[in-house]
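Open the model in your viewer and keep the selection tool at hand. The stops below go through pockets, a surface patch and cavities.

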Amino acid sequence: MNLEKKQRLENGATTRFKVMMADGQRSYNDWTADSSDLNIRQAFVELGTLPTFNGIFKDSTLWAGKRFDRDNFDIHWLDSDVVFLAGTGGGIYDIKWTDNLKSNFSLYGRNYGEIENVNSDIQSYIFSANNYSGPFQWTVSGLRAKDNEARKNSGETVNTHAADKGIHSMLAYHGDSFYGLRDGTSKTALLYGRGLGAEVKSIGADGNLTGGADTWRLATYGTTALSKNWRLAPAILAQQSQDRYVEGDSYKWLTFNARLIQEITENFALAYEGSYQYMNLEPQGYKDYHKVSGGFYKLTFAPTFKAGDISNFFSRPELRVFTTYMDWSRDLDNYAKDDAFGKNDFAAGGQWNFGIQMETWF
């Protein structure tokens, strides 16, 4: 739930205050206070178009607080971020060097855990520069976490080889057509990270990465109309990571996904979705995880209701009734004792899932 207050002052300046509250809940009851995980995920202030700011800062916006970075973007129907940066800090958006070139700068702080015999939290700092030129976006971030290798959780050292610095970069293209082939949209991003930056999707979120951790990631998706009543949204994700938690480990995976929407009426559509992911995981004994390889697939059918704009993949609110079937390679059941794959009643052999979903954006 978002609470937001915007103002435009007489001198032309703008202000914005936003608070986002979220609750993680597994109970279906109407009263869940005793099991609630209510959390304030964002609370920040912005000051924009300040009248004394001129030149390259004329239309810039200052901000401070706890927030999701404005430059984040995702593949929504996969519920997977392409890049996600968040924390507590401050920055400036929309420094315009030229009419076609602008930059955003930010400094975020995050916590990993506690240092032994020092009653304070490790601070992980992330300095990020986001640069835009037309449809192109180039992001570079530097990360620093002093004494990260000494961090402990519940009295146990997490990773004595943990890095204390890292770098992250992303080159993205935000297209206004379906890969230049037809009307629609498309986004493609190539990400690279080393050290603490090797968690390329959620920048700065993993403090167990080694100094030699090295990750490449490719993400691309698009939307287009196939005909008057059919819409298509394909996506591809791939990642390769090595020396991630111990020397010699390797994590490779590749995902294909496609969602089809069949418009029936102005307010009703049928959605079809299929996904396949192949994984080759070699953890080299980290946390007693085992080497596995194999894939899983998921098929979904979802009658969908909307108030309007029925064929738009991004329009909300939306109500869905869905049926999902998924299955995976039996080898994946052996990856880890604490992993979802292989748990009682959730082993290879096929699983059905039925439900009702609602979704709205503000």
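How many nonpolar, polar and charged residues does the lining of the largest pocket have? By class, 14 are nonpolar, 6 are polar and 10 are charged. Bear in mind throughout that this is a predicted model.

**Stop 1: the largest pocket**

The largest pocket encloses about 1400 Å³ of space. To centre the view on it, select Met20, Arg41, Phe68, Asp74 and Trp361, which are the closest to its centre among the 30 lining residues. Next, colour the strands S2 (14-22), S3 (39-48), S4 (61-68), S5 (73-75) and S6 (80-83); each of them supplies at least two residues of this lining. S2 gives the most, with 5 residues.

**Stop 2: the second largest pocket**

Move on to the second largest pocket, with a volume of about 1200 Å³. Its lining consists of 33 residues, and those closest to the centre are Trp77, Leu78, Asp79, Lys298 and Gln357. Two or more lining residues come from each of the strands S17 (250-263), S18 (268-282), S19 (292-306), S20 (318-328) and S21 (351-359). Which element gives the most to the lining of the second largest pocket? Select S21, which gives 7 residues. By class, this lining has 16 nonpolar, 10 polar and 7 charged residues.

**Stop 3: a nonpolar patch on the surface**

Switch to a surface view and select Ile236, Leu254, Phe256, Tyr276, Tyr278, Tyr297 and Leu299. Together these residues form a nonpolar patch with about 600 Å² of accessible area. S17, S18 and S19 each supply at least two residues of the patch.

Now pick out Tyr278, found in strand S18. Is Tyr278 buried, partly exposed or exposed? Its relative accessible area is 38%, so Tyr278 counts as partly exposed, a class that lies between the cut-offs of 20% and 50%.

For a contrast, select Ala235 in strand S16 (residues 230-242). Ala235 counts as buried because its relative accessibility is 5%, and buried means under 20%. With Ala235 still selected, add Glu199 and draw a distance between the two C-alpha atoms: they are separated by 20 Å, and the residues are 36 apart along the chain.

**Stop 4: the cavities**

Turn the surface off and look inside. The structure holds 3 cavities of 30 Å³ or more; two of them are visited here.

The largest cavity has a volume of about 90 Å³. To see what surrounds it, select Arg259, Ile261, Ala269, Ala271, Thr304, Lys306, Ile310, Asn312, Phe313, Arg316 and Glu318. S17, S18 and S19 each supply at least two residues of this lining. By class, the lining has 5 nonpolar, 2 polar and 4 charged residues.

The last selection is the second largest cavity, with a volume of about 60 Å³. Which residues line the second largest cavity? Select Asp69, Asp71, Asn72, Val83, Leu85, Ser128, Asn130, Gln137, Thr139, Met170 and Ile203. Strands S9 (118-133) and S10 (136-145) each supply at least two of the lining residues. By class, 4 are nonpolar, 5 are polar and 2 are charged.

Definitions and conventions. Residues are numbered from 1 along each chain as its sequence is written. This is a predicted model: local features need pLDDT of at least 70, side-chain atom pairs count only at pLDDT 80 or more; totals for chains, interfaces and linings use all residues. Side-chain values use heavy atoms; hydrogens and water are left out. On a 1 Å grid over the protein atoms alone, a cavity is a set of points where a 1.4 Å probe fits but cannot get out, and a pocket is an open set with protein on both sides within 12 Å along at least five of seven lines; lining residues have an atom within 4 Å of a point. Grid points are joined across faces, edges and corners, and a volume is the space filled by probe spheres set on the points. Helices (H or I, at least four residues) and strands (E, at least two) are DSSP runs, numbered from the N terminus. Ala, Val, Leu, Ile, Met, Phe, Trp, Tyr, Cys and Pro count as nonpolar, Asp, Glu, Lys and Arg as charged, and the others, Gly among them, as polar. Patches are made of residues with over 30% relative accessible area and no salt bridge: like charges are joined within 9 Å, nonpolar side chains (Val, Leu, Ile, Met, Phe, Trp, Tyr) within 5 Å. Accessible areas come from the Shrake-Rupley method with a 1.4 Å probe; for residues, only the protein chains shown count as cover. A salt bridge is a side-chain nitrogen of Lys or Arg within 4 Å of a carboxyl oxygen of Asp or Glu. Buried means under 20% relative accessible area, exposed over 50%, partly exposed in between (1.4 Å probe, protein chains only).
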